[in-house]
Amino acid sequence: MTLTGPADVSRAAAAADSLQALDTIVPTCRACPRLVEWRELVGAEKRAAFRDETYWARPVPGFGDPQARILVVGLAPAAHGANRTGRMFTGDRSGDFLFAAMHRTGFASQATSTTRDDGLTLTDVRVTAPVRCAPPANDPTSDERRTCGPYLARELELVRPSVVVVLGAFGWQALLSTLAEQGWVVPKPRPRFGHGVEVVITHASLGSLTLLGCFHVSQQNTFTGRLTPAMLDAVLERARVLVGPRG
Ligand code: SF4
């Protein structure tokens with residue numbers, strides 16, 4: 001089936017009877033014409049440093065432990081990071097910072113994340129996004145975010161995490177909008193993003209979810225010291241405390 005519009009996305013996400021099925025469907029999606037055009041253009045033009053590589057240039061599925069109790073959520077794939085490698089937060093400085101922290105805190109098998117077959121495995125964590133295609137200027141429209149929402153909703157049903165570490169204010173807003181549209185009870189007024197902020201939201205059949213805010217791992221934050229390795233480690237450790245020991 002070719003997924004060319006919001007109705008197709010809703011149908012395909014609902015029909016995914018396993019995480020593996022969902023992760024197979026997502027990369028086939030062509031429901032947002034502007035994003036399809038952009039992701040493929042970036043993949044054709046390439047950055048000079050990667051000119052010998054074949055870009056993924058498709059939607060990027062979530063990655064990590066299928067039984068994860070913690071989701072780490074950004075906004076969308078980076079043009080020359082995940083849109084190149086095909087794995088969330090893989091192949092750019094943001095991912096270097098994130099996976100180094102996950103390795104220090106025991107959630108990742110290695111500190112680096114370079115390609116989707118580099119052997120990296122995650123324990124109790126899955127990395128995903130409310131928007132699966134790289135958007136121009138890292139800025140998806142509301143319609144694009146809404147169209148992509150059923151994928152994240154289905155992922156939440158299949159993984160059943162109890163904590164979501166949300167990277168950055170844009171990801172926070174996008175996630176709250178998606179969750180509200182997908183049946184989660186989001187407090188009004190909407191909780192504001194902040195580093196270390198914790199908010200519990202509920203769903204009639206899925207239970208509760210604690211959102212844990214964290215400054216984004218972009219170079220704007222990590223090069224300036226706004227987000228330090230110790231700060232990110234502390235957020236991940238807090239997530240571990242929230243989920244408790246694994247039974
Ligand atoms: S953003 Fe989501 S819904 Fe839109 S084309 Fe990409 S995968 Fe499909």
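Q: Helices (H or I, at least four residues) and strands (E, at least two) are DSSP runs, numbered from the N terminus. With that in hand, where is the place of Pro 189?

A: This is a predicted model, and its strands include β5 (63-64 belongs to β1, 184-185 to β5) and β6, residues 198-203. Pro 189 is in neither of these strands, as its place is in the loop between β5 and β6.

Q: Which form does the peptide bond from Lys 188 to Pro 189 take, cis or trans?

A: Most peptide bonds are trans. For the bond that leads from Lys 188 into Pro 189, omega is near -5°, and the form is cis.

Q: Which residue in β6 stands opposite Trp 184?

A: Let's start with the strands themselves: β5 pairs with β6 in the antiparallel sense, over two bridges. β5 is an edge strand and pairs on one side only. Across from Trp 184, in β6, stands His 203.

Q: What is the strand order of the open sheet?

A: The sheet has seven strands, and its pairing is mixed. Its edges are β1 and β5. Read across, the order is β1-β3-β2-β4-β7-β6-β5.

Q: How many residues of strand β4 are buried?

A: Look at the two faces of β4 in turn: Val 163, Val 165 and Leu 167 are buried on one side. On the other side, Val 164 and Val 166 are buried too. For strand β4, residues 163-167, the number of buried residues is five of five.

Q: What is the bridge partner of Val 163 in β7?

A: β4 has a parallel neighbour in β2 (residues 70-73), with four bridges between them, and there Val 73 is partnered with Val 166. β4 is also parallel to β7 (residues 207-214), this time over five bridges. In that second pairing, the partner of Val 163 is Thr 210.

Q: Is Asn 83 buried or exposed?

A: Asn 83 belongs to helix α4, residues 82-85. Buried means under 20% relative accessible area. Because the relative accessibility of Asn 83 is 0%, the residue counts as buried.

Q: Which residue offers the backbone oxygen that the side chain of Asn 83 reaches?

A: Leaving aside residues up to four places away in sequence, Asn 83 touches several residues, among them Tyr 55, Trp 56, Ala 57 and Arg 39. Its side chain comes to 3.4 Å from a backbone oxygen, that of Arg 39.

Q: What is the phi of Ala 57?

A: Ala 57 sits in the loop between α3 and β1, and it counts as buried because its relative accessibility is 11%. Most residues other than glycine have a negative phi. Ala 57 is not a glycine, yet its phi is positive, about 55°.

Q: What is the relative accessible area of Asp 124?

A: Asp 124 is found in the loop that runs between α5 (93-104) and β3 (125-128). Here too is a positive phi outside glycine, near 70°. Asp 124 is buried because its relative accessible area is 6%.

Q: Which element gives the largest share of the lining of the largest cavity?

A: The largest cavity holds about 110 Å³ of space, and 16 residues line it, with Cys 29, Cys 32, Cys 133, Cys 148 and Tyr 151 nearest its centre. Two elements give two or more residues to this lining, α3 (33-45) and α6 (142-159). By type, the lining has eleven nonpolar, one polar and four charged residues. The largest share, four residues, is that of α6.

Technical notes
Residues numbered from 1 in each chain as written. Predicted model: local features only at pLDDT ≥ 70, side-chain atom pairs only at ≥ 80, totals over all residues. Heavy atoms only, no water. Buried < 20%, exposed > 50% of the residue type's maximum accessible area, 1.4 Å probe, protein only. Polar contact = N/O pair within 3.5 Å; in protein donor to acceptor, adjacent residues only side chain to side chain. Contact = heavy atoms within 4.5 Å. 1 Å grid on protein atoms, 1.4 Å probe; cavity = no way out; pocket = protein on both sides within 12 Å on 5 of 7 lines; lining within 4 Å. Points joined across faces, edges and corners; volume = space filled by probe spheres on them. Nonpolar A, V, L, I, M, F, W, Y, C, P; charged D, E, K, R; others polar. Pairing = 2+ DSSP bridges.
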